[in-house]
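User: Please take a close look at one strand and its immediate surroundings, then place that part in the wider fold. A connected description is preferred to a list.

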Amino acid sequence: MNSKHQFVQLSDGHFIPGLGFGTYKPQEVPNSKTIEATKIAIEAGFRHIDCAYAYQVEEEVGLAIRSKIEDGTVKREDIFCTSKLWSTFLRPELVQSCLERSLKKLHLDYVDLYLIHFPVALKPGEELYPLDENGKIICDSVDLCATWEVMEKCKDAGLAKSIGVSNFNRRQLEMILNKPGLKYKPVCNQVECHVYHNQRKLLDFCKSKDIVLIAYSALGTQREKRWVDQSSPVLLDDPVLGALAKKHKRSPALIALRYQLQRGVVVLAQSLKENEIKENIQVFDFALTEEDMKVLDGLNRNFRYVTFHLMVDDPNYPFADEY
């Protein structure tokens, strides 16, 4: 294991590396780029690889991991691999089949962490985003507590070491936590989190329940046209991040990542560029002062890049609540 890594203990006793490599990529980027980038990330020292059924690159991630195991760079137990249950599989009878598909693509016997990707259920089938004739998304009605019970069974079966959720709000987390007969609580909640949306209230709530917050879009997303408003501010161009980058002789990206680590947040860094991947792992080589942290806290404007706007009409849409 890269000794520089900061590890965070999950409520089930497992440890998650504080910095992860995100494998979501824009549609227009060829999948082969993911193999290359994931190999570079592992060579650079990343040990936490975050993927999902919906990213449609699990085969490529699996190939990269396998090649780095075969060449002796890492052993399987050195890698912390996350995948996610997609919304078209939230019916209890479909949960395990989604995980099994991911494992098959990844060529792994288990994932270290398995998350419910989003709390809105979509019509089951092969389409990731099933649409009706008017181009409107077709949602499904599912009891998330029943979905969670099968997540627990997947953990008991050894298919996932730890289980958690993603994009859940406080109310949805409480619904799982208060479920009668709860066997395992979610160890984490992976959400959009960066200096423009620092999730302070959700972070405080999660800490009070011993749930780890994992930050995606920590560098402001890849600004993919189908999800992100192109007129939204470019996070890494923020002058405050720029000034702190200058002060610490680091990049704005490293300042943005370091901010999360010092708040006790597990942070995902996403890039397909070799120089950026190698730079992002250097987040453990410096620290921000208390004053720096306060300044960064002051950038919060509760601004989301990724709104999952297609699902906004569903009663389980998570972002209508304050947090």
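Analyst:
**Strand β3 and its surroundings**

In this predicted model, the bridge partner of Gly20 in strand β10 is Leu268. That pair belongs to the contact between β3 (residues 19-22) and β10 (residues 266-269), two parallel strands joined by 3 bridges. The side chains of β3 alternate: Leu19 and Phe21 point one way, Gly20 and Gly22 point the other way, and all four residues are buried.

β3 also pairs with strand β4 (residues 48-50), again in parallel, through 2 bridges. Here Gly22 stands opposite Asp50. Between the two strands the chain passes through helix α1 (residues 32-44), and the resulting β-α-β crossover is right-handed.

Asp50, which lies in β4, deserves a closer look. Its relative accessible area is 2%, so Asp50 counts as buried, the cut-off being under 20%. Leaving aside residues up to four places away in sequence, Asp50 touches Phe21, Gly22 and Thr23, and also Tyr55, Thr82, Lys84, Gln190 and Leu268. Two of these names have already come up in β3, as Phe21 and Gly22, and Leu268 is the bridge partner of Gly20. Gln190 is in strand β8, where Ser166 stands opposite this residue. The strands concerned, β7 (residues 160-166) and β8 (residues 188-192), run parallel and are joined by 2 bridges.

These pairings are parts of one closed arrangement. 8 strands form a barrel in the order β3-β4-β5-β6-β7-β8-β9-β10, with parallel pairing. On average, and ignoring direction, neighbouring strands of this sheet are turned by 30° against each other.

The nonpolar packing can be described next. The largest nonpolar core has 111 residues, and those with the most contacts inside it are Leu85, Trp86, Tyr114, Leu296 and Met311. Helix α8 (residues 252-262) contributes the most to this core, with 7 residues. Of the residues named for their contacts, Leu85 touches Tyr114 as well as others, including Leu90, Val95, Cys98, Ile116 and Met151.

Leu296 leads back to α8. Ile255, Tyr259 and Gln262 in α8 meet Met293, Leu296 and Asp297 in helix α10. The axes of α8 and α10 (residues 290-297) lie 11 Å apart, and the helices pack at an angle of about 105°. Angles of 65 to 115 degrees count as roughly perpendicular, and α8 and α10 are therefore roughly perpendicular to each other.

How values were computed. Residues are numbered from 1 along each chain as its sequence is written. This is a predicted model: local features need pLDDT of at least 70, side-chain atom pairs count only at pLDDT 80 or more; totals for chains, interfaces and linings use all residues. Side-chain values use heavy atoms; hydrogens and water are left out. Buried means under 20% relative accessible area, exposed over 50%, partly exposed in between (1.4 Å probe, protein chains only). Two strands pair if DSSP finds at least two bridges between them. A crossover is right-handed if, with the strands pointing away from the viewer, the path from the first strand over the helix to the second runs clockwise. A nonpolar core is a set of buried Ala, Val, Leu, Ile, Met, Phe, Trp, Tyr and Cys residues joined through side-chain atoms within 4.5 Å. Contact means heavy atoms within 4.5 Å. Axes are lines fitted to C-alpha atoms, for helices over the stretch in contact, and angles run from 0 to 180 degrees between N-to-C directions. Angles under 35 degrees count as roughly parallel, over 145 as roughly antiparallel, 65 to 115 as roughly perpendicular and the rest as oblique.
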